Amino acid sequence: MEVLKIATAGSVDDGKSTLIGRILYDTKSLTSDKLEAIEKTSKQKGYDYLDFSLATDGLVAEREQGITIDVAHIYFSTAKKSYIIADTPGHVEYTRNMVTGASTSQAAIILIDARKGVIEQTNRHFFINNLLRVKDVIVAINKMDLVDFSEERYNEIKADFSTLMAKRDYQDQHITFIPVSALKGDNVVNKSENTPWYSGQTLLEHLEDLDKKDIYNTGTPRFPVQYVIRPKTEDFHDFRGFAGKVYGGELSVGDEVVALPSQTKSRIKEIYFYDKKYQTASRRSSVTITLEDEINVSRGDMIVKVGDLPTIDKQFTANISWMDSEKLEPGNKYVVQHGVNKVLAKVEAINHKINPDYSGIDTDVKALGMNDIAEVTFKLNKPIFFDAFKKHRTNGSFILIDTKTNNTVGAGFIQ
Amino acid sequence: MKDTSHINPLESEAIYIIREVAAQFEKPVLLFSGGKDSITLVRLAQKAFWPAKIPFPLMHIDTGHNFPETIEFRDKLVKELGLELIVRNVQDSIDQGKVKEESGRYSSRNSLQTTTLLDAIEEFKFDACIGGARRDEEKARAKERIFSVRDDFGQWDEKKQRPELFDMLNGQIELGQNVRCFPISNWTELDVWSYIEKEKIEIPSIYFAHKRKIFLRDGLIWSHSDYVYQEEDEEVIERMVRFRTVGDMSCTAAVFSDAADIASVVQEIRDSSISERGARIDDKRSEAAMEKRKQQGYF
């Protein structure tokens, strides 16, 4: 089974919730009771069309204000794939939600209102999806019905967006433009008769065709140990299994491996998923492995292949997305959670702040506030085993935890 | 088989989450209702720690109005797997005067469970409660985190939720706080049923079509039972029905069905056009029903 996670980004009134509602409606994913609720509420509000946004706007506060204020998850499936959409709000102040949504997604949909074209917000949405290295970005030029399905307008917006693309850091990101009307359903699931000049795929066709192998290709194998399994029963007296999820590539029985931080070498003896043995642990599977030699491995350690070591260091520089109302300042201490490993970290320096709208950097920065993105250097109390984010999307990322409130206050992408 | 690429990514994700709970918390517990979602969680927990035993107990908050089939099933499962089961009763909370039994046409003990649950969390000092809630069940659930921090009063503040990035789960809490953990957050109803079919997991008999005395109200099928309030003019009839979700008898509606085995149930869900919570009477009370219950500490 294939599961594809998609993030959405758009400004207020770009019709994001409507687009999601439309996808659900056209893939027949809305159940009759949900549809009934939408019809009832749309009628009460006096609309002469179905307000699909009601399918996703979950919280009372949101329904009252008619806006989306947090990440919601929406599920639908086709014969080919299961989809999870992270519906993230598009206001300026909610960068943190967009970063959160993009972090778990392999594809992203950026909405543009065809009447307004590329606006400051669009730069931000693109910047974040590029920073987070989301593999596939769909630029959905929405509300085409309100510009008479004009090919000229579509091309104008495409050209404007292309100037943004030239500035991006992650150049290999796939980008696809699609003219749509979420309200009327053009080119979302079904091909539109109103855009004879557009020969590309519909939004859903594009998602259906994304290649799993390509999308999850995120570097070499890394096996962070989550849990040590020692049953101490008669049948499994000497069993010592290392439980965890495989990131990046694959690990196979017989592979020569190194355990970090001890740097002790061994070989993979067995790979279990539940009570069955396998030759190879594929990426993203939660397995339990045993080693030929009795070596000391505990939670937070990492098993990697010989000759393919990550960087082992007590210091790193990272781009961080700050998510808390308390400021980040040099000298502050946080817990860095890198995968399942936790260490204490001190902010050495804020090197510069990055304006997420491609308007450059600020070098004279004393502190970071909510939604700021910046390059920061950290010193750690113990070494961690990391790769650069651009080489390894999972082993190059971490979260920052406030030592007083225990809240997750930031996310980082190691350089 | 040679490699593990055929394994459902949702299953790997759930196992990863369950292992994180066991590793990050001192006293986790799995909240077990006897419903299909919590039964699925038990299987996933078995897989996560095999060949070792599940390293935490199960806890059932018993409303006293459960389907007898569910209780029978619960006891059998616990015995077979050699698990530790804790049961706390809503009746005790009522007797102690902590909650008041509802009365009238829509009376249910469902919302009373919250008090009993919070008391039990305090009694055992549980710092993490694993639950089978899924985001596809309901709109307010769609915003729930995988690790959802509750304050001393067990309450959920949707504005203070921690962002969850990549698959890193932050389980750090202060004394007195606890975390609700949802390993199958990203599963849909169909995912759960398909998994039960594939894994050949046993589930209580009420999930399959059976003859039952029922009555109709507001377009929903209610069980005829001592626990369910019934008007005199509400006529009792006998029909083939099954349950899609199993809660308290007073808040769970049945569906007409002939699906007598798992394959036909899966097929029925595939074809079905009513969402699962459409059969939960407690959500029909108002559009914001679930969100309000959650703020009060409901699971």
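**Figure 1. A salt bridge joins the side chains of B:Arg244 and B:Glu189 in the predicted model.** The closest nitrogen and oxygen atoms of B:Arg244 and B:Glu189 are 2.5 Å apart. A salt bridge is a side-chain nitrogen of Lys or Arg within 4 Å of a carboxyl oxygen of Asp or Glu. B:Glu189 belongs to helix α6 of chain B and B:Arg244 to the loop between β9 (237–243) and β10 (254–256) of chain B, so the pair ties together parts that are 55 residues apart in sequence. Helices (H or I, at least four residues) and strands (E, at least two) are DSSP runs, numbered from the N terminus. B:Glu189 counts as buried at 7% relative accessibility, and B:Arg244 counts as buried at 6%. Buried means under 20% relative accessible area, exposed over 50%, and partly exposed in between (1.4 Å probe, protein chains only). The model is predicted: local features need pLDDT of at least 70, side-chain atom pairs count only at pLDDT 80 or more, and totals for chains, interfaces and linings use all residues. Residues are numbered from 1 along each chain as its sequence is written, chains are lettered from A and ligands numbered from 1 in the order in which they are written, and side-chain values use heavy atoms, with hydrogens and water left out.

**Figure 2. Domain 1 and domain 2 of chain B meet at an interface.** Domain 1 of chain B covers 9–191 + 288–295, and domain 2 covers 202–283; these bounds come from an automatic or database domain assignment. The centres of the two domains, taken over C-alpha atoms, are separated by 23 Å. Contact, meaning heavy atoms within 4.5 Å, links 30 residues of domain 1 with 33 residues of domain 2. The two domains bury about 2700 Å² between them, 52% of it on carbon and sulfur atoms. Buried area is the accessible area (1.4 Å probe) that two parts lose on being put together, summed over both. The rule finds 3 salt bridges across this interface, and also 3 residue pairs in polar contact (both at pLDDT 80 or more). A polar contact is a pair of N or O atoms within 3.5 Å; within protein, one must be able to donate a hydrogen and the other to accept it, and residues adjacent in sequence count only if both atoms are side-chain atoms.

**Figure 3. B:Arg134 is a buried residue in a loop of chain B.** The loop that holds B:Arg134 runs between β4 (128–130) and β5 (147–150) of chain B. With a relative accessible area of 1%, B:Arg134 is buried. B:Arg134 forms a salt bridge with B:Asp136, in which the closest N and O atoms are 3.0 Å apart. The side chain of B:Arg134 also reaches the backbone oxygen of B:Trp187 at 3.4 Å. The C-alpha atoms of B:Arg134 and B:Phe182 are separated by 7.4 Å, although these residues are 48 residues apart along the chain.

**Figure 4. B:Glu144 and B:Arg150 form a salt bridge.** The closest N and O atoms of this pair are 3.3 Å apart. Both partners are covered: B:Glu144 is buried, with a relative accessible area of 3%, and B:Arg150 counts as buried at 1% relative accessibility. Over all chains, a search of the whole structure finds 37 salt bridges.

**Figure 5. Helix α1 of chain A is mostly covered.** This helix spans residues 16–26, and 10 of its 11 residues are buried. Among the buried residues are A:Lys16, A:Leu19, A:Ile23 and A:Asp26. The elements that cover the buried residues of α1(A) include β1 (3–9), β2 (72–77), β3 (82–87), β4 (107–113) and α7 (203–209) of chain A. Just after α1(A), A:Lys28 takes a positive phi of about 55°.

**Figure 6. Chain A and chain B are in contact.** At this interface, 75 residues of chain A are in contact with 61 residues of chain B. The area buried between the chains is about 6100 Å², of which carbon and sulfur atoms give 56%. In chain A, A:Tyr75, A:Tyr274 and A:Asn406 lose the most area to chain B, together 12% of what that side buries. The count between the two chains is 3 salt bridges, and 28 residue pairs are in polar contact (both at pLDDT 80 or more). A:Lys245 forms a salt bridge with B:Asp167, the closest N and O atoms being 3.1 Å apart.
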